[in-house]
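The following exercises ask you to read a structure step by step, from one strand outwards to the domains and the bound ligands. Try each task before reading its solution.

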Amino acid sequence: MATANIPLLALTCGEPAGIGPELAVMLVADEVPSARLVAVGDPALLAERAALLGRRVEVRVLTPDEPVPAPRRGVLPVWPVALRAPSQPGRLEPANAGHVLETLDVAIAACLSGHAAGMVTTPLHKGVILDAGHVGFTGHTEYLRDACGMKEVVMMLATDSALHARGPGMLALRVALATTHLPLREVADAITAPRLERLLRILYADLQRWFGVVAPRIAVCGLNPHAGEGGHLGREELDVIIPTLEGLRAEGLALDGPLPADTLFTPRHLEGVDAVLAMYHDQGLPVLKYAGFGRAANITLGLPLVRTSVDHGTALDLAGTGRADLGSLRVAVALAAQMAGRSTTTPA
Ligand SMILES: NC(=O)c1ccc[n+]([C@@H]2O[C@H](COP(=O)([O-])OP(=O)(O)OC[C@H]3O[C@@H](n4cnc5c(N)ncnc54)[C@H](O)[C@@H]3O)[C@@H](O)[C@H]2O)c1
Ligand SMILES: N[C@H](C(=O)O)[C@H](O)COP(=O)(O)O
């Protein structure tokens, strides 16, 4: 395949004090990356981290018009976005929050214009972006939603099936979230029937579109212990979740639940299920990360572009040590490449 026909992925380098920049370096230092990549970040910082880790990497600065070369070991093409202040591994610097957001803007613009076929993000630090005054920032997912003008998107994490014996396919356990980065006390109010319906429609459609699941079966968690115990432990199941599921089932969507979340994530209940919809972040993600931390990826569904990410955060405790595990970034890149390939063959 000619280089220009290999889907191009923009790889944002994330929080400069975290492990993102060194993961970008490590990805090309020891192996040929599985996709045509261009990092979006500060070239001097990347070269510095490569030197700190003792990795031989040529950081090759490209203008937006220059072709991005085919993947090659030891070469990291970069679309430059300058740091706003010096960065030390492990030390957050609010002055660099604007830099982090600019890397996202560059990648998003490249995807929306069709220049890049998708974007892969390494971790940013939500707290330091808020400390810097970006009020309301809660993560890539919501930032991408707003940047792309979408009303709703869905965060889904998926494990790499290589670790699991649950049958063929690249990814074995997929967990989507009905609410994302929200204080727990606000979760119940955020789960309304119209929203839940929109989220389930996005999840259903994107399982078909990106993962080739012809007739998705989705298992939906209850919000309350024991899925509300018939209304004795909370009424959200009776008032919101059950009527929403019934409405969508009448249209032919295969939806199980609401099921008690504590037993839903067991092999018998997961048999034949293509994705689980958890009601909140720490209902679904601990299970997913227990099953595959370091071998899973985060995908934003419902966007007009391909976006995957790693399953972990900035790991400030590991930054600059070279001990961060590259596994999740490998999965995120491979998955984005697979999705980008589909987006050229499947109508939107
Ligand atoms: N995709 C993202 O941008 C993303 C994802 C998760 C968390 N975060 C953000 O990261 C920051 C720190 O979050 P946290 O402390 O809850 O989670 P974290 O994932 O950064 O760290 C949790 C633990 O996992 C370890 N860990 C993380 N990545 C690792 C890797 N690649 N290899 C080996 N060990 C690894 C860390 O050393 C730490 O012990 C927060 O601001 C959070 O919001 C961002
Ligand atoms: N909820 C994600 C996780 O725990 O892995 C993470 O915070 C990333 O979210 P964004 O992709 O929205 O930044």
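**Exercise 1.** Establish which residue of β2 is the bridge partner of A10, and then describe how β1 sits among its neighbouring strands.

*Solution.* Within β2 of this predicted model, the residue that pairs with A10 is V38. This pair belongs to a set of 5 bridges between β1 and strand β2 (residues 36-41), and the two strands run parallel. To get from β1 to β2 the chain passes through helix α1 (residues 20-29), and the resulting β-α-β crossover is right-handed.

Next, consider strand β5 (residues 118-121), which is joined to β1 by 4 bridges, again in the parallel sense. Here A10 faces M119, so that a residue already paired with V38 in β2 also has a counterpart in β5.

**Exercise 2.** Decide whether the residues of β1 are buried or exposed, and which of them point the same way.

*Solution.* Begin with direction: L8, A10 and T12 point one way from the strand, whereas L9 and L11 point the other way. Then turn to burial, for which the criterion is 20 or more other C-beta atoms within 10 Å of the residue's own. Residues on both sides are buried, and because this holds for 5 of the 5 residues of β1 (residues 8-12), the strand is largely enclosed by the rest of the structure.

**Exercise 3.** Work out which element gives the largest share of the side of domain 1 that touches domain 2.

*Solution.* The domain assignment gives domain 1 as 1-150 + 312-348 and domain 2 as 153-302, and their centres, taken over C-alpha atoms, are 28 Å apart. The contact involves 17 residues from domain 1 and 15 residues from domain 2. On the domain 1 side, α5 (140-147) and α12 (327-343) each contribute at least two residues, and α12 provides the largest share, with 8 residues. By class, that side consists of 6 nonpolar, 7 polar and 4 charged residues.

**Exercise 4.** Describe the surroundings of ligand 2, and then those of ligand 1.

*Solution.* Around ligand 2 lie G139, H140, T141, H281, L285, N298, S309 and D311, with α5 and α11 (281-292) as the elements that give two or more residues. Domain 1 and domain 2 each supply at least three residues of this shell, which contains 1 nonpolar, 6 polar and 1 charged residues.

Ligand 1 is surrounded by 19 residues, of which the closest are P123, H312, G313, A315 and D325. At least two residues of its shell come from each of α4 (126-131) and β12 (307-310), and the shell divides into 7 nonpolar, 9 polar and 3 charged residues.

Technical notes: Residues are numbered from 1 along each chain as its sequence is written. Chains are lettered from A and ligands numbered from 1 in the order in which they are written. This is a predicted model: local features need pLDDT of at least 70, side-chain atom pairs count only at pLDDT 80 or more; totals for chains, interfaces and linings use all residues. Domain bounds come from an automatic or database domain assignment. Two residues are in contact if their C-beta atoms, placed from the backbone, lie within 7 Å. Ala, Val, Leu, Ile, Met, Phe, Trp, Tyr, Cys and Pro count as nonpolar, Asp, Glu, Lys and Arg as charged, and the others, Gly among them, as polar. A residue is near a molecule or strand if its C-beta atom, placed from the backbone, lies within 6 Å of it. A residue is buried if 20 or more other C-beta atoms lie within 10 Å of its own, exposed if 12 or fewer, and partly exposed in between; C-beta atoms are placed from the backbone. Two strands pair if DSSP finds at least two bridges between them. A crossover is right-handed if, with the strands pointing away from the viewer, the path from the first strand over the helix to the second runs clockwise.
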